[in-house]
Amino acid sequence: MSAAASTFAQKAQSHRFYDSTIGKKAVMAVTGAILFGFVVVHMLGNLQVYFGPEKINAYGELLHSSPGLLWTARLILLTSVVLHIVAALQLAALNKKARPVGYVRKKNIASTYASRTMLVSGPIIFFFLVYHLLHFTTGQAHPNFRAGDVYHNVIAGFQQPAASIAYIVAMILLVNHLHHGVWSMFQSLGLNHPRYMPWLRRFSAAAAILIGVGNISIPVSVLAGLLQ
Amino acid sequence: MTLDSRIPSGPIEQKWDRCKFELKLVNPANKRKFHIIVVGTGLAGGSAAASLGELGYNVKAFCFQDSPRRAHSIAAQGGINAAKNYQNDGDSIYRLFYDTIKGGDFRAREANVYRLAQISVNIIDQCVAQGVPFAREYGGLLANRSFGGAQVSRTFYARGQTGQQLLLGCYQALERQVDAGRVLMFPRTEMLDLIVINGKARGIVTRNLITGKIESHLADAVILATGGYGNVYYLSTNAKGSNATAIWRAYKRGALMANPCFTQIHPTCIPVSGDYQSKLTLMSESLRNDGRIWVPLKKGDKRPPTEIPEEERDYYLERKYPSFGNLVPRDVASRAAKAVCDEGRGVGETGLGVYLDFSDAIRRLGRKTIEERYGNLFEMYERITGEDPYKTPMRIFPAIHYTMGGLWVDYHLMSTIPGLFVLGEANFSDHGANRLGASALMQGLADGYFIIPYTLGDYLANTKLEKVDDSHSAVKDAEREVTVRIQKLLSIKGKRSVDSFHRELGKLVWDYCGMARNAKGLQYAMGKIAELAEEFYHNVNVVGDGNELNQSLEKAGRVADFFELAQLMCRDALERNESCGGHFREEFQTPEGEALRDDENYCHVAAWEYKGEGQSPVLHKEPLRFEYVHLTQRSYK
Amino acid sequence: MKLILHIWRQKNQASPGKMVRYEVEANEHMSFLEMLDVLNENLIAKGEEPVAFDHDCREGICGSCGFMINGVAHGPLPNTTVCQLHMRHFKSGDELYLEPWRAAAFPVIKDLVVDRSAFDRIIAAGGYISVATGSAPDGNAIPVRKQDADLAMDAAQCIGCGACVAACPNASASLFMAAKITHLGLLPQGQPERKERVLKMVAAANRELFGSCTNIGECEAVCPKGIRMEFIGRMNRDYLNASFTYQEEKEMAGVG
């Protein structure tokens, strides 16, 4: 048996799996799917702001009513974020090594802008996430934080134009990220078929835009005075 | 020298079985003690290297390309013949044998051809098992198409890329052996000489094309599967790198060169469009299944083809050969095209072209069916010419495509140098004076998968092979000669590029030793070639060094050998005072302009022996005996 | 027509290279490589070294040729290798940048010539069906659904030119591997080794330092044979399936 074949046989299955680029991409796809699910649910929760303070504050209370569940969910999300980022960074390092010398001229002829900028949109979204947690969850970055009063925190937070703009920019980047990311996770997991792949691409774009529009509507409404 | 073809005795159906039984075997434990060199990784070389590796031999395989997968077998389009009779249309091993002998105009060995037909069925099985995606019917069984020179449907195909798929199957088998450590692969390595020690082939001298390093490789037997020499014509359907250097070096070391004048002109190629042209592109012969070939009835009719009414068209193949029509063998179709162009009825800007028209087939079968059968060929035509063959007929013209001649081998595929085996297009064996379409792939794989693994073992088991090493004087001499040759080419520093010489040589050979030949022209060409070779050695300019990748130097070495080979081709053509298959001597034709054979005097293989620099080569004749097929005037009417 | 060419010139693997400007007179009937032949004839006449580029069949099937033309692998025409690209698609005065494929796995040997032997090693790792010569059953013994055979053929058309790697921002060999894995994985003959094949080939590609697939589709856009990205999905599926279900062979000591 040759050297190549024997290294193959010696390595443990799980080790080999994560060693491979496809394995890392699968981790990114699965964690991406979890985070996408969270983003959808989170947006639906946020939109309750339009039904008045009672509704959204009750929703906030509901989430905090069982700390066990809350922390399980937070742990899963946190793990997903970490794995998603670690795999992305490792792949990025690998990909950089795969082309040490670049081209003088290089034209992109098929890829979307979104797909080529995942490594830009991703990290910015991460820093936004940190700010977002300090802003609305723990309050350190909030000018006038009242624990438990979600409605107040949202309105007061977004009445600062700088914060609103930061949110809007971040959401545009999120749209960008999901535009490619959502259908890409199906491809990475091999859940593709030529018959439904075009639909999946459309679904991916539509979902990204809906999430963006839904979330952006809130700071815009606050700034426009529709929500007070 | 007597040429012993070692054809086994007995009835033709039993010869190969008898031969296999009588062959000595090498015990499995001993196989790993033998070292085998395989030069060339096309269908013949690749399949041989893979099969020998599987058997347990230590194999070294060489190719000049950057990967064994690029050998020119990959460009074969149409298909591979096999006497499976899956179509229930009357095919049989005997019929394939008969068609091949007849198609070759009775200038091939019966026993070899019969064996080829027998083995053809195993090849399909082997390739299917390797995962070659042959075309299939809706029931899941293999599909067939018909091809020139046959009235049955026996050609298996994978779209228009049959050669590619067969080669990839064989390349993958080869790579499996590389991974298993049974085959050591040397890509970008060119064989520049054969090492002969005590009369036996014991190794080769190579040049590493990246570093320029000259190296010797020693072995117990050497297998050449280096393809044909069609590039002597400069413009041919061969790949740019295809060359005769390996077989020519073997010839100069004592292997006999057989029937060098038997070259095949393929009738359906895209016509030449200018002086800068670097190669000709073949359009698969399978196109003749559904395409109809015609020229205008009137001389110099310059109307666009779609404006020429039916009654002013001459479907000359259907007119001259009503029973085979557009499916006559290649040599016949090519000569007929030349004849109508000589009459001034050729089409296109140069007048050197005929139409291949699909409008009837599209009407009859629908565009979709035609697309399915030939889609990729039509696209290729459009890419090259900028014309859409669905709308306007293709223009085609004959071009050099294959060389039936090659190193002489016996029934065991061994040359006149013991231990030197020659497979595929590089040998002369199975196609006589003309090869039928879809038979080259068959022969290459038959030689590599199913013949050499048996006959090589017999040689090794029967031969006392003394131990040799790099310090042997024959090794040192061969290395020195190679180095001297390279230094000579690099030191000339003349005014003309290698390509300009090659182009001029090609034109000479095409004009005088191409589709039609005559004694006067051949004599003239021999003189001219000698003059050109003389100029080459004084005026060629090979830029750069020998110790790095130097494509000019590679070409120069190959062209230098082509000069010598071209001389021998002309000599052979001049010696053969008859017309047969691809060799058409204008002095010998029937009143209708068909090839006129002379079985009384030329029913033999002409094998030439090299006698040294400046000496005339000596002709040896291997008489051909036909015990099963009656020699007849070929008729496709 | 007159063209301005900027060509990457590099003497050998060890020396640095640079872009060099040339002018060449061409005509529209030439192929792109014939235009370079003309340039090389001019260079030889001046005693300069001709530009080295890989090429062989010049009919788009051997996979030898290929370089970047203005940042696009094999140039601007879809489904076309550079040897089949004709000058009628360019116009006089065009300025063209010719660069070799760039990837850690494809080191430059000279000028536009790169070393693609990494592809051979990926195939050697498992891109085959093990069938010893002579052991095959009759060709029609196992029927193959026509649709499967056709799709397998779509994938099998890969010529191994490396354009997919060159176009991919990550120099990933995914399309190349996926083509072989799909081809063999669709056929009944390819089933017995299906899991080992994908595991070994993917491991080999990672050893060769090819990058990862980010599903962006630059590869399929330049593939001269129209190999589709959908095959990469198939490869991913096969790989994940094999990763979770493949079992190493048990030691069979003492049996037999």
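Okay, let's start with a sheet in chain B: four strands, in the order β16-β10-β18-β19, forming an open sheet with antiparallel pairing. The edges belong to β16, residues 406-407, and β19, residues 618-623; each has a single partner strand, so one side of each is left without a neighbour in the sheet. Before I go on, please keep in mind that this is a predicted model.

Let's look at one pairing in there. Strand β10 of chain B, residues 257-258, runs antiparallel to β16(B), and two bridges join them. If you want a spot to click on, A258(B) sits opposite G406(B) in β16(B). There's also a helix packed on this sheet: α16 of chain B, residues 551-575, which touches β10, β18 (604-609) and β19 of chain B. The direction of α16(B) makes about 140° with that of β18(B).

Hold on to α16(B), as that helix comes back when we turn to the empty space inside. How many cavities of 30 Å³ or more does the structure hold? There are 13. I'll talk about the second largest, which has a volume of about 720 Å³. Its lining takes in 44 residues, and the closest to its centre are Q551(B), E554(B), K555(B), R558(B) and H55(C).

Which helix gives the largest share of that lining? That's α16(B), with seven residues. Helices α14 (498-513) and α16 of chain B, along with α1 (32-45) of chain C, each supply at least two residues to the lining of this second largest cavity. By type, that lining divides into 13 nonpolar, 16 polar and 15 charged residues.

Next up, the other sheet I wanted to show you, also in chain B. Here five strands form an open sheet in the order β5-β2-β1-β9-β17, and the pairing is parallel. At the edges you'll find β5 (183-186) and β17 (420-422) of chain B; each has a single partner strand, so one side of each has no neighbour in the sheet. Going from one strand to the next, the twist averages 20°.

Zooming in on a pair again: β1 of chain B, residues 35-39, and β9 of chain B, residues 221-224, run parallel and are joined by four bridges. In that pair, I37(B) stands opposite V222(B) in β9(B). And this sheet has a helix on it as well: α3 of chain B, residues 43-55, lies across β1, β2 (58-62), β5 and β9 of chain B, at about 160° to β2(B).

Last topic: helices that meet across chains. Take α6 of chain B, residues 162-179, and α2 of chain C, residues 117-126. They pack at about 85°, with their axes 7 Å apart, and α6(B) and α2(C) are therefore roughly perpendicular to each other. On the α6(B) side we have Y171(B), Q172(B), E175(B) and D179(B), and they meet F119(C), D120(C), I123(C), A124(C) and A125(C) in α2(C). The residues of that contact come out as five nonpolar, one polar and three charged.

Then there's α3 of chain A, residues 21-46, with α8 of chain C, residues 230-245: an angle of about 95°, and axes 10 Å apart. That makes α3(A) roughly perpendicular to α8(C). Who meets whom? I22(A), G23(A) and A26(A) in α3(A) meet M235(C), N236(C), Y239(C) and L240(C) in α8(C). This contact has five nonpolar residues, two polar and no charged.

Technical notes
Residues numbered from 1 in each chain as written. Chains lettered and ligands numbered in written order. Predicted model: local features only at pLDDT ≥ 70, side-chain atom pairs only at ≥ 80, totals over all residues. Heavy atoms only, no water. Pairing = 2+ DSSP bridges. Contact = heavy atoms within 4.5 Å. Axes fitted to C-alpha atoms, helices over the stretch in contact; angles between N-to-C directions. 1 Å grid on protein atoms, 1.4 Å probe; cavity = no way out; pocket = protein on both sides within 12 Å on 5 of 7 lines; lining within 4 Å. Points joined across faces, edges and corners; volume = space filled by probe spheres on them. Nonpolar A, V, L, I, M, F, W, Y, C, P; charged D, E, K, R; others polar. Parallel < 35°, antiparallel > 145°, perpendicular 65-115°, else oblique.
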